[in-house]
Amino acid sequence: MKGRKFLAIFLASAFAAGAFILCAFSTRLPAGTYVNGTYVGGMQKGQAVSAVRGGIVKELEYKSLTVHAGGGGYVFTYPEINFKDNEVSVVNGIKKSGSYAVNVRYYLNGINDVVSGICAALFQVKREPCAIFNAGSGSPFCYEKGVGGVYPDGAKLAADITASLNGGFYDVYLHTRKSTPAKTLDEVRQSTVLLSAFTTYYDAANVPRSTNIELAAKRISGTVIPPHGSFSFNQSVGPRTKERGYLSAKVIAGGRYVYGVGGGVCQVSTTLYNAAVLAGLTAAEYHPHSLMVGYVAPSRDAMVSGTYCDLKLKNNSAYPAYIRILTGNGAVRCEVYGKSDGTIYSLESELCEGDGGIVNSRCYITKQSGDDIVTELLRQDSYLPYTGDAPSAAEIW
């Protein structure tokens with residue numbers, strides 16, 4: 001019984017409310033009443049709302065909004081542009097004849113998606129021109145042009161669109177912030193010129209030695225020493241072991257030629273040493289062999305062994321140094337690229353007599369910059385006399 005009584009009360013209340021709304025909208029407006037310039041006198045309130053809104057739509061159909069962006073334009077019309085108003089409350093509040101104004105607010109449907117799409121079409125991240133280093137044969141570099149950055153102001157565009165729609169439908173312009181690359185492609189090219197090249201030769205028919213040379217060269221080729229950075233041969237090449245593909249070939253140990261895994265790798269370090277010094281890099285660590293070698297002049301060799309004898313280079317330039325080592329046809333060629341400061345380097349070795357068959361040698365470096373020429377002692381070394389059975393040229397070249 002209580003449930004039926006509650007239902008009856010609820011239905012009666014709902015009916016009363018509906019009747020009130022219907023009654024309110026069925027009430028005719030006083031004669032001589034205008035809303036937004038539309039005559040609505042004698043109309044029921046619901047009819048008046050429809051008539052006035054129809055006038056707003058008709059007027060809106062003749063309007064358009066143009067957004068200019070990146071040299072192009074986007075045009076928006078009804079129903080992409082729509083409106084909200086307070087007409088119901090205005091009409092319900094009419095008690096006597098007169099002219100009444102409705103507050104109309106225009107808006108762009110899906111404005112956030114529209115703005116995002118316009119901005120995305122123009123957005124461009126700044127990209128600096130760059131050089132792509134080729135560690136293998138062929139051209140050492142290929143170059144990519146830089147592009148300026150374009151960063152559209154989406155928040156301002158959305159605000160400007162809303163302001164335009166409610167301020168006369170004037171044209172709107174997308175504002176962007178632009179940035180240009182810090183370097184030109186020309187500057188990139190100038191920082192990747194050939195600074196030096198140095199070649200040594202070996203017997204290509206000596207497979208173990210050739211294999212070791214090629215393995216070490218491949219692990220170094222493509223190395224980029226950063227500005228003011230350092231390079232370690234041992235760290236770059238890694239252990240010379242059978243597990244890593246190295247074979248047994250002649251090496252120098254204690255003033256004798258003996259077989260050892262990785263024989264021939266020192267020819268790569270020596271070739272690199274000479275190219276580096278001729279490019280203006282500093283040899284922070286180097287070691288001469290105990291015997292003179294046949295593929296380079298005295299005091300121009302750089303022996304590496306295990307982890308205790310390393311070749312370390314220092315790039316004192318404010319630009320990267322690019323190292324490429326090519327092998328084949330019995331030759332190891334090391335090329336160093338970077339930014340030239342205009343200095344030309346050359347090396348010259350000198351032999352001196354020593355006691356007990358020891359050979360002393362010096363290497364001088366000459367630096368020529370314009371008309372200025374300076375020659376300095378680069379290093380001096382001592383080599384032991386050879387005491388073992390003489391190896392063939394094929395074993396050590």
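**Exercise 1.** Is Asn329 buried or exposed? Work this out for the predicted model, and then describe the backbone at this residue and at Ser299.

*Solution.* Begin by placing Asn329, which is found in the loop between S20 and S21. Its relative accessible area is 84%, and since exposed means over 50%, Asn329 is exposed. Turning to the backbone, Asn329 has a positive phi of about 55° although it is not a glycine. Ser299 likewise is not a glycine and has a positive phi, of about 60°, and this serine is found in the loop between S18 and S19. With a relative accessibility of 0%, however, Ser299 counts as buried.

**Exercise 2.** Find which residues have the most contacts inside the largest nonpolar core, and identify the helix that gives the most to this core.

*Solution.* The largest nonpolar core has 41 residues, and those with the most contacts inside it are Ile220, Phe233, Leu272, Leu281, Leu311 and Ile325. At least two residues of this core come from each of helix H7 (207-220), helix H8 (233-237), helix H9 (265-278), strand S20 (321-328), strand S21 (331-338), strand S22 (344-353) and strand S23 (359-369). Of these, H9 gives the most, with nine residues. As a next step, take Ile220: leaving out residues up to four places away in sequence, Ile220 touches Phe231, Phe233, Ser236, Val237, Val268, Leu272, Ile323 and Ile325. Apart from this core there is a second, separate one of 32 residues, which includes Val52, Leu65, Phe76 and Phe83.

**Exercise 3.** Describe the surroundings of Leu311, beginning with its place in the chain and ending with the residues it touches.

*Solution.* Leu311 lies in the loop between strand S18 (282-285) and strand S19 (312-314). Because its relative accessible area is 0%, Leu311 is buried. Its C-alpha atom is separated by 8.8 Å from that of Thr270, although the two residues are 41 residues apart along the chain. Not counting residues up to four places away in sequence, Leu311 touches Phe231, Ser232, Phe233, Ser269, Leu272, Tyr273, Glu285, Tyr286, Ala302 and Val304.

**Exercise 4.** Describe how helix H4 and helix H5 pack, and state which residues meet in their contact.

*Solution.* Two packed helices are described by the angle between their axes and the distance between the axes. Helix H4 (residues 111-122) and helix H5 (residues 154-165) pack at an angle of about 130°, with their axes 10 Å apart. That angle makes H4 oblique to H5, and H4 passes H5 in a right-handed crossing. In the contact, Ile111, Val115, Ile118 and Cys119 of H4 meet Gly154, Leu157, Ala158, Ile161 and Thr162 of H5. Sorted by character, the residues of this contact divide into seven nonpolar, two polar and no charged.

**Exercise 5.** Determine how far His175 is exposed and which residues are in contact with it, and then describe the peptide bond from Tyr78 to Pro79.

*Solution.* His175 sits in the loop between strand S11 (172-173) and strand S12 (176-179). Its relative accessible area is 41%, so His175 is partly exposed. Leaving aside neighbours within four places in sequence, His175 is in contact with Tyr151, Pro152, Asp153, Lys156 and Asp160. By contrast, the C-alpha atoms of His175 and Leu378, which are 203 residues apart along the chain, are separated by 60 Å. As for the peptide bond from Tyr78 to Pro79, it is cis, with omega near 10°, and Pro79 is placed in the loop between strand S4 (72-76) and strand S5 (81-85).

Definitions and conventions: Residues are numbered from 1 along each chain as its sequence is written. This is a predicted model: local features need pLDDT of at least 70, side-chain atom pairs count only at pLDDT 80 or more; totals for chains, interfaces and linings use all residues. Side-chain values use heavy atoms; hydrogens and water are left out. A nonpolar core is a set of buried Ala, Val, Leu, Ile, Met, Phe, Trp, Tyr and Cys residues joined through side-chain atoms within 4.5 Å. Buried means under 20% relative accessible area, exposed over 50%, partly exposed in between (1.4 Å probe, protein chains only). Helices (H or I, at least four residues) and strands (E, at least two) are DSSP runs, numbered from the N terminus. Contact means heavy atoms within 4.5 Å. Axes are lines fitted to C-alpha atoms, for helices over the stretch in contact, and angles run from 0 to 180 degrees between N-to-C directions. Angles under 35 degrees count as roughly parallel, over 145 as roughly antiparallel, 65 to 115 as roughly perpendicular and the rest as oblique. A crossing is left-handed if the near helix is turned anticlockwise from the far one by less than a right angle, and right-handed if clockwise. Ala, Val, Leu, Ile, Met, Phe, Trp, Tyr, Cys and Pro count as nonpolar, Asp, Glu, Lys and Arg as charged, and the others, Gly among them, as polar.
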